[in-house]
Amino acid sequence: MRILITGGRGQLGRDCREVFAGHTVLALDLPNLDITSEASVDGVIDLWKPDAIVNCAAYTAVDRAEHDETKAYAANRDGPRLLATRAKARDLFLVHISTDYVFPGDRPVPEPWVETDTPAPASIYGKSKLAGERELDVEGVRHAILRTAWLYGAHGYNFLKTILRHAVREPSKGLRVVNDQYGTPTWSRRLAEQILAVVEAQAVGLFHASGEGWCSWYDFASEFIRLMGIDCEVRPCATSEYPSATARPANSILENAALKRAGLNRMRDWKEDLAEYVSRYRDALLREARG
Ligand SMILES: NC(=O)c1ccc[n+]([C@@H]2O[C@H](COP(=O)([O-])OP(=O)(O)OC[C@H]3O[C@@H](n4cnc5c(N)ncnc54)[C@H](OP(=O)(O)O)[C@@H]3O)[C@@H](O)[C@H]2O)c1
(Lines give C-alpha, C1' and ligand atoms only; values in the text may rest on other atoms or scores of the structure.)
Protein backbone atom coordinates (compact mmCIF):
# COMPACT_ATOMS: atom_id res chain seq x y z
CA MET A 1 0.00 0.00 0.00
CA ARG A 2 1.17 3.56 -0.70
CA ILE A 3 0.72 5.61 2.46
CA LEU A 4 1.14 9.38 2.59
CA ILE A 5 1.94 10.78 6.06
CA THR A 6 1.27 14.47 6.65
CA GLY A 7 3.01 16.24 9.53
CA GLY A 8 5.83 13.77 8.89
CA ARG A 9 8.40 15.72 10.92
CA GLY A 10 6.26 15.76 14.08
CA GLN A 11 6.39 13.46 17.08
CA LEU A 12 3.82 10.97 15.77
CA GLY A 13 4.63 11.48 12.08
CA ARG A 14 8.21 10.33 12.58
CA ASP A 15 7.17 7.17 14.42
CA CYS A 16 4.58 6.42 11.73
CA ARG A 17 7.27 6.69 9.10
CA GLU A 18 9.40 4.10 10.95
CA VAL A 19 6.56 1.74 11.82
CA PHE A 20 4.97 1.74 8.32
CA ALA A 21 8.28 0.64 6.76
CA GLY A 22 6.74 -2.55 5.28
CA HIS A 23 4.67 -0.31 2.99
CA THR A 24 5.64 2.35 0.47
CA VAL A 25 5.68 5.50 2.54
CA LEU A 26 6.02 9.19 1.81
CA ALA A 27 6.23 11.42 4.90
CA LEU A 28 6.03 15.16 4.27
CA ASP A 29 5.69 18.25 6.42
CA LEU A 30 5.72 22.01 5.99
CA PRO A 31 6.86 23.55 3.70
CA ASN A 32 6.79 20.61 1.23
CA LEU A 33 3.24 19.65 2.09
CA ASP A 34 0.84 22.18 3.62
CA ILE A 35 -2.49 20.53 4.34
CA THR A 36 -4.25 23.91 4.16
CA SER A 37 -3.12 24.57 0.57
CA GLU A 38 -5.05 23.05 -2.33
CA ALA A 39 -2.10 23.40 -4.69
CA SER A 40 0.22 21.70 -2.22
CA VAL A 41 -2.13 18.79 -1.41
CA ASP A 42 -3.17 18.25 -5.05
CA GLY A 43 0.43 18.43 -6.23
CA VAL A 44 1.50 15.63 -3.89
CA ILE A 45 -1.56 13.44 -4.47
CA ASP A 46 -1.43 13.79 -8.27
CA LEU A 47 2.24 12.99 -8.40
CA TRP A 48 2.47 10.28 -5.79
CA LYS A 49 -1.00 8.64 -5.97
CA PRO A 50 -1.36 7.32 -2.40
CA ASP A 51 -3.88 4.63 -1.41
CA ALA A 52 -4.18 6.07 2.10
CA ILE A 53 -3.39 9.30 3.92
CA VAL A 54 -2.49 9.42 7.60
CA ASN A 55 -2.94 12.96 8.82
CA CYS A 56 -0.47 13.61 11.65
CA ALA A 57 -0.29 17.33 10.82
CA ALA A 58 -1.84 19.66 13.37
CA TYR A 59 -1.49 22.87 15.30
CA THR A 60 -0.63 21.39 18.71
CA ALA A 61 0.43 24.39 20.83
CA VAL A 62 -2.47 24.22 23.29
CA ASP A 63 -1.75 27.46 25.19
CA ARG A 64 -0.74 29.46 22.10
CA ALA A 65 -3.97 28.46 20.35
CA GLU A 66 -5.95 30.60 22.83
CA HIS A 67 -4.42 33.69 21.14
CA ASP A 68 -3.89 32.21 17.69
CA GLU A 69 -7.35 30.95 16.81
CA THR A 70 -6.98 31.55 13.07
CA LYS A 71 -3.89 29.39 12.74
CA ALA A 72 -5.29 26.68 15.01
CA TYR A 73 -8.49 26.41 12.94
CA ALA A 74 -6.56 26.52 9.65
CA ALA A 75 -4.46 23.45 10.48
CA ASN A 76 -6.97 21.60 12.67
CA ARG A 77 -10.23 22.20 10.77
CA ASP A 78 -9.52 23.52 7.26
CA GLY A 79 -6.65 21.09 6.62
CA PRO A 80 -8.74 17.99 7.44
CA ARG A 81 -11.59 19.42 5.34
CA LEU A 82 -9.32 19.67 2.31
CA LEU A 83 -7.93 16.16 2.85
CA ALA A 84 -11.49 14.81 3.18
CA THR A 85 -12.59 16.32 -0.14
CA ARG A 86 -9.56 14.78 -1.88
CA ALA A 87 -10.04 11.42 -0.15
CA LYS A 88 -13.65 11.37 -1.38
CA ALA A 89 -12.81 12.42 -4.92
CA ARG A 90 -10.04 9.83 -5.28
CA ASP A 91 -11.43 7.09 -3.03
CA LEU A 92 -8.48 7.19 -0.62
CA PHE A 93 -8.64 5.87 2.94
CA LEU A 94 -8.05 8.76 5.34
CA VAL A 95 -6.87 8.42 8.94
CA HIS A 96 -7.10 11.52 11.08
CA ILE A 97 -5.72 12.00 14.60
CA SER A 98 -7.73 13.81 17.24
CA THR A 99 -7.53 14.40 20.95
CA ASP A 100 -8.90 13.92 24.47
CA TYR A 101 -9.31 17.73 24.54
CA VAL A 102 -12.63 17.36 22.70
CA PHE A 103 -14.03 16.40 26.13
CA PRO A 104 -14.55 18.81 29.03
CA GLY A 105 -12.92 16.46 31.54
CA ASP A 106 -15.60 16.97 34.14
CA ARG A 107 -16.55 13.44 35.14
CA PRO A 108 -15.49 11.51 38.23
CA VAL A 109 -12.16 9.67 38.02
CA PRO A 110 -11.71 6.93 36.81
CA GLU A 111 -14.87 6.93 34.69
CA PRO A 112 -13.50 6.99 31.12
CA TRP A 113 -14.71 8.79 28.02
CA VAL A 114 -15.94 6.50 25.25
CA GLU A 115 -16.64 7.22 21.60
CA THR A 116 -20.39 7.65 22.13
CA ASP A 117 -19.93 10.42 24.72
CA THR A 118 -20.83 13.92 23.59
CA PRO A 119 -17.78 16.15 23.10
CA ALA A 120 -17.78 19.62 24.66
CA PRO A 121 -14.29 21.10 24.36
CA ALA A 122 -13.25 23.85 26.77
CA SER A 123 -10.23 25.21 24.83
CA ILE A 124 -9.64 26.69 21.37
CA TYR A 125 -7.33 23.78 20.60
CA GLY A 126 -10.06 21.29 21.57
CA LYS A 127 -12.72 23.19 19.62
CA SER A 128 -10.56 23.38 16.50
CA LYS A 129 -9.79 19.65 16.70
CA LEU A 130 -13.48 18.78 17.11
CA ALA A 131 -14.28 21.00 14.11
CA GLY A 132 -11.69 18.99 12.15
CA GLU A 133 -13.32 15.69 13.13
CA ARG A 134 -16.65 16.99 11.86
CA GLU A 135 -15.17 17.92 8.49
CA LEU A 136 -14.48 14.24 7.86
CA ASP A 137 -18.00 13.18 8.64
CA VAL A 138 -19.12 13.55 5.05
CA GLU A 139 -20.79 10.84 2.99
CA GLY A 140 -18.37 9.06 0.72
CA VAL A 141 -15.23 9.77 2.78
CA ARG A 142 -13.77 6.43 3.88
CA HIS A 143 -12.12 7.49 7.10
CA ALA A 144 -11.07 6.62 10.62
CA ILE A 145 -10.60 9.15 13.40
CA LEU A 146 -8.29 8.07 16.23
CA ARG A 147 -8.50 10.17 19.38
CA THR A 148 -5.40 9.93 21.50
CA ALA A 149 -4.01 11.62 24.63
CA TRP A 150 -0.85 12.47 26.57
CA LEU A 151 1.43 11.56 23.67
CA TYR A 152 5.15 10.99 24.19
CA GLY A 153 7.80 9.67 21.85
CA ALA A 154 11.46 9.76 20.99
CA HIS A 155 11.18 12.70 18.59
CA GLY A 156 10.09 16.26 19.20
CA TYR A 157 8.94 17.80 22.47
CA ASN A 158 6.76 16.31 25.16
CA PHE A 159 6.03 16.36 28.89
CA LEU A 160 8.56 13.63 29.74
CA LYS A 161 11.39 15.48 28.02
CA THR A 162 10.58 18.65 29.96
CA ILE A 163 10.53 16.71 33.24
CA LEU A 164 13.81 15.03 32.40
CA ARG A 165 15.53 18.28 31.51
CA HIS A 166 14.69 19.74 34.93
CA ALA A 167 15.59 16.50 36.72
CA VAL A 168 19.06 16.17 35.19
CA ARG A 169 19.98 19.85 35.24
CA GLU A 170 18.81 20.68 38.77
CA PRO A 171 18.23 17.36 40.56
CA SER A 172 18.50 18.89 44.05
CA LYS A 173 15.53 21.20 43.37
CA GLY A 174 13.16 18.29 42.84
CA LEU A 175 10.02 18.38 40.70
CA ARG A 176 6.47 19.38 41.49
CA VAL A 177 3.87 17.77 39.25
CA VAL A 178 0.08 18.08 39.28
CA ASN A 179 -1.70 15.20 40.91
CA ASP A 180 -5.32 16.14 40.19
CA GLN A 181 -5.44 15.72 36.40
CA TYR A 182 -5.87 12.18 35.15
CA GLY A 183 -5.43 10.63 31.74
CA THR A 184 -3.92 7.89 29.64
CA PRO A 185 -0.26 8.27 28.61
CA THR A 186 0.28 7.09 25.03
CA TRP A 187 3.58 6.09 23.41
CA SER A 188 3.57 7.51 19.90
CA ARG A 189 5.27 4.39 18.52
CA ARG A 190 2.52 2.17 19.89
CA LEU A 191 -0.04 4.56 18.43
CA ALA A 192 1.72 4.32 15.06
CA GLU A 193 1.33 0.51 15.24
CA GLN A 194 -2.33 1.02 16.06
CA ILE A 195 -2.80 3.38 13.13
CA LEU A 196 -1.18 0.85 10.81
CA ALA A 197 -3.58 -1.86 12.01
CA VAL A 198 -6.50 0.47 11.23
CA VAL A 199 -5.10 1.35 7.79
CA GLU A 200 -4.49 -2.30 6.89
CA ALA A 201 -8.01 -3.25 8.00
CA GLN A 202 -9.44 -0.10 6.33
CA ALA A 203 -11.54 0.16 9.49
CA VAL A 204 -13.99 3.01 9.21
CA GLY A 205 -15.16 4.80 12.35
CA LEU A 206 -14.34 6.84 15.40
CA PHE A 207 -11.86 5.15 17.73
CA HIS A 208 -10.27 6.10 21.02
CA ALA A 209 -6.61 5.03 20.91
CA SER A 210 -4.60 5.72 24.04
CA GLY A 211 -2.55 3.67 26.48
CA GLU A 212 -4.44 1.16 28.63
CA GLY A 213 -4.96 2.12 32.27
CA TRP A 214 -4.83 5.61 33.71
CA CYS A 215 -2.83 7.81 36.07
CA SER A 216 -2.16 11.41 37.09
CA TRP A 217 0.64 13.54 35.63
CA TYR A 218 2.41 13.06 38.98
CA ASP A 219 2.16 9.25 38.69
CA PHE A 220 3.41 9.45 35.10
CA ALA A 221 6.39 11.65 35.98
CA SER A 222 7.28 9.57 39.09
CA GLU A 223 7.27 6.31 37.15
CA PHE A 224 9.40 7.84 34.39
CA ILE A 225 12.01 9.24 36.78
CA ARG A 226 12.10 5.89 38.62
CA LEU A 227 12.61 3.96 35.35
CA MET A 228 15.31 6.41 34.27
CA GLY A 229 17.10 5.76 37.58
CA ILE A 230 17.49 9.46 38.38
CA ASP A 231 17.87 10.66 41.93
CA CYS A 232 15.39 13.54 41.93
CA GLU A 233 12.43 13.91 44.26
CA VAL A 234 9.01 14.19 42.56
CA ARG A 235 6.36 15.86 44.71
CA PRO A 236 2.62 16.13 44.01
CA CYS A 237 0.88 19.50 43.71
CA ALA A 238 -2.53 20.83 42.68
CA THR A 239 -3.51 22.36 39.33
CA SER A 240 -4.42 25.55 41.20
CA GLU A 241 -0.73 25.96 42.11
CA TYR A 242 0.24 25.88 38.43
CA PRO A 243 -1.45 28.76 36.57
CA SER A 244 -1.93 28.08 32.86
CA ALA A 245 -3.50 29.93 29.92
CA THR A 246 -5.75 26.99 29.10
CA ALA A 247 -8.18 24.97 31.19
CA ARG A 248 -6.87 21.40 31.15
CA PRO A 249 -9.38 18.54 31.49
CA ALA A 250 -9.26 17.07 35.03
CA ASN A 251 -10.35 13.67 33.75
CA SER A 252 -9.27 12.91 30.21
CA ILE A 253 -9.15 9.15 30.57
CA LEU A 254 -10.06 7.56 27.24
CA GLU A 255 -11.33 3.99 26.86
CA ASN A 256 -10.47 2.19 23.60
CA ALA A 257 -13.97 0.75 23.45
CA ALA A 258 -14.52 0.82 19.67
CA LEU A 259 -11.10 -0.70 18.88
CA LYS A 260 -11.85 -3.53 21.31
CA ARG A 261 -15.27 -4.14 19.76
CA ALA A 262 -13.65 -4.27 16.31
CA GLY A 263 -10.96 -6.71 17.56
CA LEU A 264 -8.32 -4.17 16.56
CA ASN A 265 -6.95 -2.86 19.86
CA ARG A 266 -3.14 -2.82 19.78
CA MET A 267 -2.70 -0.41 22.69
CA ARG A 268 -0.90 -1.66 25.82
CA ASP A 269 -0.73 -0.80 29.49
CA TRP A 270 0.87 2.63 29.89
CA LYS A 271 3.48 1.36 32.39
CA GLU A 272 4.59 -1.45 30.05
CA ASP A 273 4.97 1.01 27.17
CA LEU A 274 6.83 3.53 29.32
CA ALA A 275 9.29 0.82 30.40
CA GLU A 276 9.90 -0.17 26.77
CA TYR A 277 10.32 3.49 25.78
CA VAL A 278 12.93 4.00 28.51
CA SER A 279 14.81 0.81 27.69
CA ARG A 280 14.99 1.81 24.00
CA TYR A 281 15.79 5.49 24.35
CA ARG A 282 17.32 6.05 27.81
CA ASP A 283 20.76 7.12 26.60
CA ALA A 284 19.44 9.33 23.79
CA LEU A 285 16.95 10.97 26.16
CA LEU A 286 19.70 11.73 28.68
CA ARG A 287 21.98 13.18 26.01
CA GLU A 288 19.16 15.41 24.75
CA ALA A 289 18.19 16.51 28.28
CA ARG A 290 21.78 17.46 29.19
CA GLY A 291 21.95 19.57 26.01
N1 LIG B 1 1.04 15.75 21.67
C2 LIG B 1 0.00 15.32 22.40
O3 LIG B 1 0.09 15.17 23.64
C4 LIG B 1 -1.30 14.97 21.72
C5 LIG B 1 -2.37 14.56 22.52
C6 LIG B 1 -3.57 14.23 21.89
C7 LIG B 1 -3.68 14.30 20.51
N8 LIG B 1 -2.62 14.72 19.77
C9 LIG B 1 -2.78 14.79 18.30
O10 LIG B 1 -1.86 13.88 17.73
C11 LIG B 1 -1.45 14.36 16.45
C12 LIG B 1 0.08 14.36 16.37
O13 LIG B 1 0.60 15.19 17.40
P14 LIG B 1 2.16 15.40 17.59
O15 LIG B 1 2.44 15.41 19.04
O16 LIG B 1 2.92 14.47 16.70
O17 LIG B 1 2.29 16.91 17.03
P18 LIG B 1 3.57 17.69 16.53
O19 LIG B 1 4.82 17.05 17.02
O20 LIG B 1 3.30 19.13 16.82
O21 LIG B 1 3.52 17.45 14.94
C22 LIG B 1 2.60 18.10 14.10
C23 LIG B 1 3.32 18.42 12.81
O24 LIG B 1 2.38 19.00 11.90
C25 LIG B 1 3.04 20.07 11.25
N26 LIG B 1 2.07 21.01 10.70
C27 LIG B 1 1.45 22.07 11.30
N28 LIG B 1 0.64 22.70 10.43
C29 LIG B 1 0.74 22.03 9.25
C30 LIG B 1 0.18 22.21 7.96
N31 LIG B 1 -0.66 23.21 7.69
N32 LIG B 1 0.50 21.34 6.97
C33 LIG B 1 1.38 20.33 7.21
N34 LIG B 1 1.97 20.11 8.40
C35 LIG B 1 1.65 20.95 9.42
C36 LIG B 1 3.89 20.68 12.35
O37 LIG B 1 4.89 21.53 11.80
P38 LIG B 1 5.42 22.77 12.69
O39 LIG B 1 6.03 22.15 13.92
O40 LIG B 1 6.38 23.44 11.77
O41 LIG B 1 4.20 23.58 13.02
C42 LIG B 1 4.46 19.42 12.99
O43 LIG B 1 5.63 18.96 12.32
C44 LIG B 1 -2.10 15.75 16.29
O45 LIG B 1 -3.28 15.60 15.55
C46 LIG B 1 -2.45 16.14 17.71
O47 LIG B 1 -3.55 17.02 17.74
C48 LIG B 1 -1.43 15.05 20.34
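Which of the 29 residues around the ligand come nearest? I began my notebook with this, keeping in mind that the model is a predicted one.

**Entry on the ligand shell.** I looked up the surroundings of the ligand and found that Gly7, Gly10, Gln11, Ala57 and Ala58 come nearest among the 29 residues there. I then sorted the shell by class, and I noted 13 nonpolar, eleven polar and five charged residues. Going on to the elements behind the shell, I saw that helix H1 (11–19), helix H4 (69–90) and strand S4 each supply at least two residues, and that H1 gives the most, with three residues.

**Entry on the sheet.** I reminded myself that strands of a sheet pair through backbone hydrogen bonds, either parallel or antiparallel. Here I traced six strands that form an open sheet in the order S2-S1-S3-S4-S5-S10, and I wrote down that the pairing is parallel. At the edges I found strand S2 (24–28) and strand S10 (205–208), each of which pairs on one side only. From one strand to the next, I noted, the twist averages 20°.

**Entry on S5, S10 and a helix.** Which residue in S10 is the bridge partner of Ala144? I looked at strand S5 (residues 143–148), which pairs with S10 in the parallel sense over four bridges, and I found that Gly205 is the partner of Ala144. I then turned to helix H7 (residues 188–201), which packs on the sheet and touches strand S1 (2–6), strand S3 (52–55), strand S4 (93–99), S5 and S10. Last, I recorded that the direction of H7 makes about 160° with that of S5.

Terms used: Residues are numbered from 1 along each chain as its sequence is written. This is a predicted model: local features need pLDDT of at least 70, side-chain atom pairs count only at pLDDT 80 or more; totals for chains, interfaces and linings use all residues. Two strands pair if DSSP finds at least two bridges between them. Axes are lines fitted to C-alpha atoms, for helices over the stretch in contact, and angles run from 0 to 180 degrees between N-to-C directions. Two residues are in contact if their C-beta atoms, placed from the backbone, lie within 7 Å. A residue is near a molecule or strand if its C-beta atom, placed from the backbone, lies within 6 Å of it. Ala, Val, Leu, Ile, Met, Phe, Trp, Tyr, Cys and Pro count as nonpolar, Asp, Glu, Lys and Arg as charged, and the others, Gly among them, as polar.
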